[in-house]
Amino acid sequence: MAILGPGSCTLLRLTPSIHDKRRIATFATQSPPRNDSAVNWVEATSGFFEKDSRPIMLFDGVCNLCNGGVRFVRDNDRNRRIRYEALQSEAGRKLLRRSGRAPDDISSVVLVERDRSHIKSEAVLKIMEYIDLPFPQLAFFLQIVPLFLRDFVYDNVANNRYTIFGRSESCEIYYD
């Protein structure tokens, strides 16, 4: 048997027993190495927080539900405590990597803070903490609901968001 390095392929030969005269050959492969595998994404994206420490809300820029959510947060964030970035943008893809997610993963809203990232229902509750009353109090009470139940509901809505709410051809731009 051989140990494979990234991007390698080898032929494994299993020695047949005395009673089995067949030769068994198995090909094993691993996915090719990513160019960014050695990148420290926290360091690479630290510039996003050097001059502006506000958290960044990553959202699906073509999802009507997500765009409506951003409008809602923007309208209820009078102190402009949150910034916005589409998951599909280059900055969004870098921040996804920083958050330990695949750069093409648009399955969840993500809130990226200087020292931490939040996903799914945890991100929604954290966003609620940043916006105007009564949402921080509502987020406090919703934390009583177990995470697996909150994420179950979140995933069901997220998986059906295009069917229920539709999608747009382009991302809206949100200015602070």
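## A ring to start from

Does Phe 135 count as buried or exposed? Phe 135 has a relative accessibility of 17%, so it counts as buried; the cut-off for that class is under 20%. Please keep in mind, as you turn the structure around, that this is a predicted model.

## The chain as a whole

Let us step back to the full fold. The chain has seven helices and six strands. Starting at the N terminus, their order is β-β-α-β-α-β-α-β-β-α-α-α-α.

Of the 176 residues in the chain, 34% are buried. The accessible surface of the chain comes to about 11,400 Å², with 57% of it supplied by carbon and sulfur atoms. As for contacts between residues at least 6 apart in sequence, 59% join residues at least 24 apart. A pair of residues to look up here is Val 42 and Arg 98: they are 56 residues apart along the chain, yet 5.3 Å separates their C-alpha atoms. Val 42 belongs to helix H1, which spans residues 41-44. With a relative accessibility of 42%, Val 42 counts as partly exposed.

## Aromatic pairs

How many aromatic pairs does the structure hold? There are two aromatic pairs. One joins Phe 72 and Phe 135: the ring centres are 5.2 Å apart and the planes stand at 85°, so the pair is edge-to-face. For that label, the planes have to be over 60 degrees apart. This pair links distant parts of the chain, as Phe 72 sits in helix H2 and Phe 135 in helix H5 (residues 135-142), with their positions 63 residues apart in sequence. Phe 72 has a relative accessibility of 39% and therefore counts as partly exposed, while its partner Phe 135, at 17%, counts as buried.

Phe 140 and Phe 141 make up another edge-to-face pair, at 5.5 Å centre to centre and with 75° between the planes. Both Phe 140 and Phe 141 are exposed.

## Helix H4 and its neighbours

Helix H4 covers residues 120-130, and its buried residues are Ser 121, Ala 123, Leu 125, Ile 127, Met 128 and Tyr 130. Which elements do the buried residues of H4 pack against? On the strand side, they meet S3 (56-59), S5 (110-112) and S6 (117-119). Their helix partners are H2, H5 and H6.

## A buried acid in H6

Helix H6 holds Asp 151. This residue is buried but has no salt bridge. The nearest side chain of opposite charge belongs to Lys 120, at 5.2 Å, and a salt bridge would need the charged atoms within 4 Å. Leaving aside residues up to four places away in sequence, Asp 151 touches Lys 120, Ser 121 and Glu 122. Of these, Ser 121 is one of the buried residues of H4.

## A nonpolar patch on the surface

Now for the outside. Leu 65, Phe 152, Val 153, Val 157, Ile 164 and Phe 165 form a nonpolar surface patch of about 550 Å². Two elements give two or more residues to this patch: helix H6 (147-159) and helix H7 (161-165). H6 provides the largest share, with three residues.

Leu 65 lies in helix H2, which runs over residues 64-75. The relative accessibility of Leu 65 is 31%, so this residue counts as partly exposed. Patch residues need over 30%. Phe 72, from the aromatic pair with Phe 135, is also found in H2.

Terms used: Residues numbered from 1 in each chain as written. Predicted model: local features only at pLDDT ≥ 70, side-chain atom pairs only at ≥ 80, totals over all residues. Heavy atoms only, no water. Patch = residues over 30% accessible without salt bridge, like charges linked within 9 Å, V, L, I, M, F, W, Y side chains within 5 Å. Areas by Shrake-Rupley, 256 points an atom, 1.4 Å probe, with all protein chains shown as cover. Helix = DSSP H or I, 4+ residues; strand = E, 2+ residues; numbered from the N terminus. Buried < 20%, exposed > 50% of the residue type's maximum accessible area, 1.4 Å probe, protein only. Lys, Arg positive; Asp, Glu negative; His and termini not counted. Contact = heavy atoms within 4.5 Å. Phe/Tyr/Trp six-rings, centres within 6.5 Å; stacked < 30°, edge-to-face > 60°.
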